Amino acid sequence: MSDMGKPKTYVVEHLDPECGPWSTLEYVAIAIESTEAGARFCLSSAPQDLDLPELLRATKGLHVTHQGVEDIYRDCKDRVCLLDPAAKDELNPTDADVFDVFVFGGILGDDPPRDRTSELRKKGFVAPLNQIQYVDHPEIRIDEHESTQMPFRYAKDNQGKPVMPEGMLELIKKDSDKGFEDLV
């Protein structure tokens, strides 16, 4: 029997002690899109003292828990899909019948990646990854004279441009105005 009609849950293991502006925009976008699709979005492993920015606290559809994925889904690992850049198997549309929970592992991560997702792989979470169309290290135009190259891989839209949360381009442009001293 297919579980295609069952609402899905999308999870990000928030392993950092703070929630910066980049993460905030990513999380807001995921929460809004998940809610609009009838799905649930959860930040797991949130530190007890995590101070969420106001924008995130006001975001409808965001669920925050201090528990980790391995505790929350201990008894149903086979229904959890680990979206992992190091995955060997491809994700495909029929996986919607197999999985109820999708965990972003390393996709919203660091550059260079620290592969913190490996801990979940070791604990038996399945990690297929699809052949989503990506753009690697996209160049973002700041103005007619300046651009910056992002050190990440982004899903791309129909025009080949990176898909970014609302407000991300503005944040990138604002960050480009900072001097070296502001960044250290």
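Start by selecting S45: this residue is buried, with a relative accessible area of 19%, and the cut-off for buried is under 20%. The model you have open is a predicted one. Look at the backbone here, because S45 is buried and also has a phi near 60°, a positive value in a residue other than glycine. You will find S45 in the loop between β2 and α2 (54–57).

**Zoom out for a moment**

Show the whole chain as a cartoon. The protein has 184 residues, and 35% of them count as buried. Its secondary structure comes to 7 helices and 9 strands. How much of the contact list comes from residues 24 or more positions apart? Among contacts with a separation of 6 or more, such pairs account for 59%.

**The open sheet**

Next, colour the five strands β3, β2, β1, β5 and β4, in that order across the sheet. Together these 5 strands form an open sheet, and the pairing is parallel. Which strands stand at the edges? They are β3 (62–64) and β4 (80–83); each has a single partner strand, so one side of each is left without a neighbour in the sheet. If you turn the view to look along the sheet, you can follow its twist: neighbouring strands are turned by 25° against each other on average, direction ignored.

**Strand by strand**

Select β1, residues 9–13, together with β2, residues 40–44. The two run parallel and are joined by 5 bridges. To see one of these pairings, pick E13, whose bridge partner in β2 is S44.

Now go to the other neighbour of β1. Strand β5, residues 101–104, runs parallel to β1 and is joined to it by 4 bridges. Pick V11 here, and its bridge partner in β5 is V103.

One step further on, 4 bridges join β4 to β5, and these two strands are parallel as well. Two pairs are good to label: C81 has F102 as its bridge partner in β5, while L82 has V103. That makes V103 a residue to keep on screen, as it is the bridge partner in β5 of V11 and of L82.

Stay with β4 and show its side chains. In a regular strand the side chains alternate between the two faces of the sheet. Here V80 and L82 point one way, and C81 and L83 the other way. Are these four buried or exposed? All are buried.

**Inside β2**

Return to β2. Of its 5 residues, 4 are buried, so this strand is largely enclosed by the rest of the structure. A good residue to select is L43, which is found in β2. L43 is buried, with a relative accessible area of 0%.

What surrounds L43? Leaving aside its neighbours within four places in sequence, L43 is in contact with V12, H14, Y27, L56, L62, H63, V64 and T65. Try a distance label as well: L43 and H66 are 23 residues apart in sequence, and their C-alpha atoms are 8.3 Å apart in space.

Then bring in helix α1, residues 21–36. This helix lies across β1, β2 and β3, and runs at about 150° to β2.

**On to H137**

Move along the chain to H137, in the loop between β6 (134–136) and β7. H137 has a positive phi of about 50° although it is not a glycine. Is H137 buried, partly exposed or exposed? It is partly exposed, with a relative accessible area of 40%.

**Last stop: a pocket**

Finally, select P138, E139, I140, R141, K161, P162, M164, L169 and K173, which line the second largest pocket. The space in this pocket is about 170 Å³. Which elements each supply at least two residues of the lining? They are β7 (139–141) and α6 (168–176). Of the two, β7 is the one that gives the most to the lining, with 3 residues. Colour the lining by residue type to finish: its residues divide into 5 nonpolar, no polar and 4 charged.

Definitions and conventions: Residues are numbered from 1 along each chain as its sequence is written. This is a predicted model: local features need pLDDT of at least 70, side-chain atom pairs count only at pLDDT 80 or more; totals for chains, interfaces and linings use all residues. Side-chain values use heavy atoms; hydrogens and water are left out. On a 1 Å grid over the protein atoms alone, a cavity is a set of points where a 1.4 Å probe fits but cannot get out, and a pocket is an open set with protein on both sides within 12 Å along at least five of seven lines; lining residues have an atom within 4 Å of a point. Grid points are joined across faces, edges and corners, and a volume is the space filled by probe spheres set on the points. Ala, Val, Leu, Ile, Met, Phe, Trp, Tyr, Cys and Pro count as nonpolar, Asp, Glu, Lys and Arg as charged, and the others, Gly among them, as polar. Two strands pair if DSSP finds at least two bridges between them. Axes are lines fitted to C-alpha atoms, for helices over the stretch in contact, and angles run from 0 to 180 degrees between N-to-C directions. Contact means heavy atoms within 4.5 Å. Buried means under 20% relative accessible area, exposed over 50%, partly exposed in between (1.4 Å probe, protein chains only).
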